[in-house]
Amino acid sequence: MLRKISLFISAVLVLNILLTGCYDSMEIDSEVYALVLGIDKGVNNKIILSIQYSTYKSSGGGSSEESGKNGEDSQSSSNKISDTNIQTIEAPSILEGIDMLGMAVSRRISLMHTKMIVFSEEIAKEGVGNYIAPIVRYRETRKTMHVAIVKGKAEEFINENKTNIGDSLAKAIELLTTQSKNTGFFPEARFTSFYRGIMSSYESAVAIHGGINNFDKLPKGNHSSTSPLIVDTGFLPDELPRKGVTKREFVGTAVFRGDKLAGALNSNETRYYLLLLGKYKRGIITIDDREKPGNEIAVDIRLGRHPMIKCRFENGNPVIDVNLKIESEIESINSRINYESIDNLDSLDSQIKDYLQSGLNKLIEKTQKELKADIFGFGHKVAGYFPTIQEWEQYNWPSHYPYAKVNLTVDVSIRRTGLLIYSSPFKAWEDKTEEKEGKK
Amino acid sequence: MKKDSIFSRALSLITYKNAEKAKTFTIPEVEQSKNNAAGTAQYDNNGQTSKKSVHKNTRIIKKPIAPSEQKNNKSAIKADENHISNNIASNMAYLNNKFNYPDNKDFIIREFIIKGKYKAFLVYIDGMVDRMTINNFILRPLLKDENFVNENEVCELDYILANVIETNQAVKVTKPDEVIEEILIGDTGLYVDGCDYYIFSETKGYDKRNVDKPLIEGVVKGSQEAFNENLKTNTTLIRKIIKNNDLMTEFLKIGEKNNNLCAIMYVKGIVNPAIVEEVKRRISSLKTDYISGSGMLEQFIEENSWSIVPTILSTERPDRTASHILDGKVAIIAEGTPFALIVPITLFSLFHSPEDTSMRWQYGTLMRFIRIGAFFFATLLPGLYVALTNFHREMIPTDLLIAIAKAQENIPFPTILQVIFMEFAFELIREAGIRIPGIIGNTIGIIGALILGQAAVQANLVSPVLIIIIAITGLGNFAIPDFSLAFGARIIRLFFITMGCFIGFYGISLGLVVITALIANTKSFGVNMLEPLAPWIKKSQDLIIRKPVWKQERRPDYLNAVDKTMQPLISRKWTITDAQNPIQDKISSKRRDKDEQ
């Protein structure tokens, strides 16, 4: 009898553990996963929240057997641009907005897989501090999501956030943000680093700067007889002279001072910024050939080593020495001057060096004078001179950064010359005509 | 008062008590020595088992007993359980009685008269014996008078044994129960009036299967022989591989009613005698009517019947058995099943395949990693899938998550039901595949693949992602080299599906702890299943990463073998060349130093 009772009790205990374990069990398809959050300033309430999530309509991927069965239907359905839904609601806070959307969306909205949060510039200028609190604290949200500040309204940006290459929106967002590594025209801004930048006294926060391009910047008129070569062209969102499928674009960096938007770096400045930060992976720059102006030289540059940043105090003012070692590979020499030879290599080195150094110096000056924001994290080095955090905080680095002296040295060395080792002129035609002209 | 006692008793159910001391077996250390005497001594010291050997593997023709002694026993003794009578009629009556003669038509007694004066009979069981042997080499010489040149008034049997019978094996049997056993295993007994013993000639001639290819443990490279149901063939197959005079074959009787035989094989001088003693102790203590073969025997002698993983290795390959025997283990082969049981083992030896050693070590090691991966797939994959999809959706890559959600969209069942359905369907295919008659066996694959896979997905019963999960799980299960372990993996899998379904990863990690603890607590003939990891002992050269064969110098440490080394430090003597080459010489001298150390 006792044995039976004890068995019963232990069975109840085991079932207790097992069955209460189920309480947060949920099937995958009983939720939708908001991939992008957009936050705009509200009219009647605090915010207007937009979310974008993938739908589970079977086109491609999921069940190929389905499409095999009725091939005609699937063909027509796969012509759809994107399998996502966008919902927008005005709400007092992000999380309540998500819940309020539950009145319209048939499944629970989960933030587990949110890839990106988009703020409008309007909100960013006022300060994002009021809006990001739930993202920091809420269990579901990923702290690896990207932070983007867009010109215009976040809602409109999300409306234009369509996948044109494949079906998967998640992949599109992930790869779009990875483009930062391939080109360096916009930074990779994860929420953790963004939040750290907002909170810390060592550095300033940055976010991806985005916008919608209306395709009206591409010149339409007839070109003049010569197309001039303009190098070091930086763009801001909505300024790219392009035409195409996707209207949304990420161009440059949004720079914050505290939690407020201070300004923006254009696409080229962003490259310099990433170079100084040591996060520049690779990218091709074009410089004007000093020997034969009007001819471009394209070089692939990358960091030879992590930037060496040293800090010292001179007469009570912080002095920061930055040394960049840059390696490059020649991709094209339009002037066909034989820069690959040992004698000419230094000339090309110095051309690249001058180009980079002037750009970098301009950027540093911009952050000091115009933006007044230490986006490079020099503060981390300077802080080493203060024994305690209190003293450091009392010192107030943000107020001193604009007056810090930054000495920049850049070393450029060309490591590879691409597939050619010798640039020679187009001999058969150019040389002979020149010779003849000379004889005449 | 009563309440108090119930409370204390209830408390005692969940509180710690000192475990009752059960009889445990551990393998003692043995001093290594050059001669086998030490091992034998240990064997004798430890030996306290009943010596119930039915008959020895070597049949020595015993020296005939002196005629004078025979004469003293002339007075008639009645044949009974303890004595063989010297009267032919009494003996015949005894055997007829024992074998229920007129009703039992298989039992044959052939009476005849030698030299016109000595009454004699042959006794055997029809069908078990080879007729030609009896006719040509026992009966014919006995009936030819010229064979009896030397006239003697003694019991003829000694003379017959020495001079007349033309069979290769013939022994004198003096005990009635041995007589019956000899008859039962297919030998032919000869009795001559006036003697109080029989002569048994080896005449086994029953039908048996040929040595065939292995069915379960097939390999690409390596021997292609497998055991069959005949005990003698099986021991011969091993002896064919280990040509060593120290290879011992001992026979023990198992099953009281079916009088089955089992052979214990080991190499004296390598194996720790305590293991042999323990094996013999366990087998000879069995009291049961019927043991059909190794499968039943395994269950009778295993240490822990509740263990999920097998604690005895069962193999149908003579080469695998031989390599284990030479490692210092004991093989038990039972008549009637084409399997040898090997004790003691560890969990890791269940992942080994004879192919590992016949292939080069790089390939063998890779295959072992694949097999261990297969084991984890087979046990954990569906459980992890259920846990991931029900509890930890944030861990799935977004694209995969949406792909799973898309696949799941039109399916009316929750994931766990689909998993259970597919698991059941898969087990059905498996079971039906075994039972289905061979000729239509091919169709089962088509039915399984098409109907269950394709159609279930098209009918929106099962998510295609799940089909992949179950398929990989099934493949993983088949890749486990040991059949019993594969069964164990299936049970563990169900356990993990349950845990994953109810408590997610937390449950799975709890389950892992429980399973590991259970395995760690299991012993196989005194050896912990997780050895050499727990307890941590000297590392083996052949655990998971198989080192080159010339590096495997030591036998497994947990066996405490008498001879601990398999080969010297330098087994490839050709690497040490003669003094002609100075560089080689330098190297070799260095190595020699190391060897001596």
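**A guided tour of chain B**

Begin by selecting residues 247-254 and 260-267 of chain B: these are the strands β6(B) and β7(B), which pair in the antiparallel sense over eight bridges. The model on display is a predicted one. Within this pair, select L247(B), which stands opposite V267(B) in β7(B).

**The whole sheet**

Next, extend the selection to the rest of the sheet. Five strands of chain B take part, in the order β6-β7-β9-β10-β8; the sheet is open and its pairing is antiparallel. Which strands stand at the edges? They are β6 (247-254) and β8 (313-315) of chain B; each has a single partner strand, so one side of each is left without a neighbour in the sheet. On average, neighbouring strands of this sheet are turned by 25° against each other, direction ignored.

**A helix across the strands**

Now add residues 273-284 of chain B, which form helix α9. This helix lies across four strands of chain B, namely β6, β7, β9 (330-334) and β10 (340-343). Relative to β7(B), helix α9 of chain B runs at about 175°.

**Two crossing helices**

Move on to helix α8 (residues 231-241) and helix α11 (residues 318-327), both of chain B. Their axes come within 9 Å and cross at roughly 60°. The crossing of α8(B) with α11(B) is right-handed. To see the contact itself, display L237(B), I238(B) and I241(B) from α8(B), together with P318(B), D319(B), T321(B), A322(B) and I325(B) from α11(B). By class, six of these contact residues are nonpolar, one is polar and one is charged.

**The side that touches chain A**

Select both chains for the next stop. Here 29 residues of chain B are in contact with 25 residues of chain A. On the side of chain B, the elements that give two or more residues are α1 (2-14), α13 (361-391), α14 (398-408), α16 (441-458) and α18 (483-520). Which element gives the largest share? It is α14(B), with 10 residues. The residues on this side of chain B comprise 15 nonpolar, eight polar and six charged.

**Annotated spans**

Finally, colour the spans that an unreviewed UniProt entry annotates as "transmembrane region": residues 330-351, 372-391, 436-455, 461-480 and 492-520 of chain B. Residues 372-391 of chain B are 100% helix and 0% strand, with end C-alpha atoms 27 Å apart. Residues 461-480 of chain B are 80% helix and 0% strand, and their end C-alpha atoms lie 30 Å apart.

How values were computed
Residues numbered from 1 in each chain as written. Chains lettered and ligands numbered in written order. Predicted model: local features only at pLDDT ≥ 70, side-chain atom pairs only at ≥ 80, totals over all residues. Axes fitted to C-alpha atoms, helices over the stretch in contact; angles between N-to-C directions. Left-handed = near helix turned anticlockwise from the far one by under 90°. Contact = placed C-beta atoms within 7 Å. Nonpolar A, V, L, I, M, F, W, Y, C, P; charged D, E, K, R; others polar. Pairing = 2+ DSSP bridges. UniProt positions renumbered as here; feature names shortened; annotations may be inferred.
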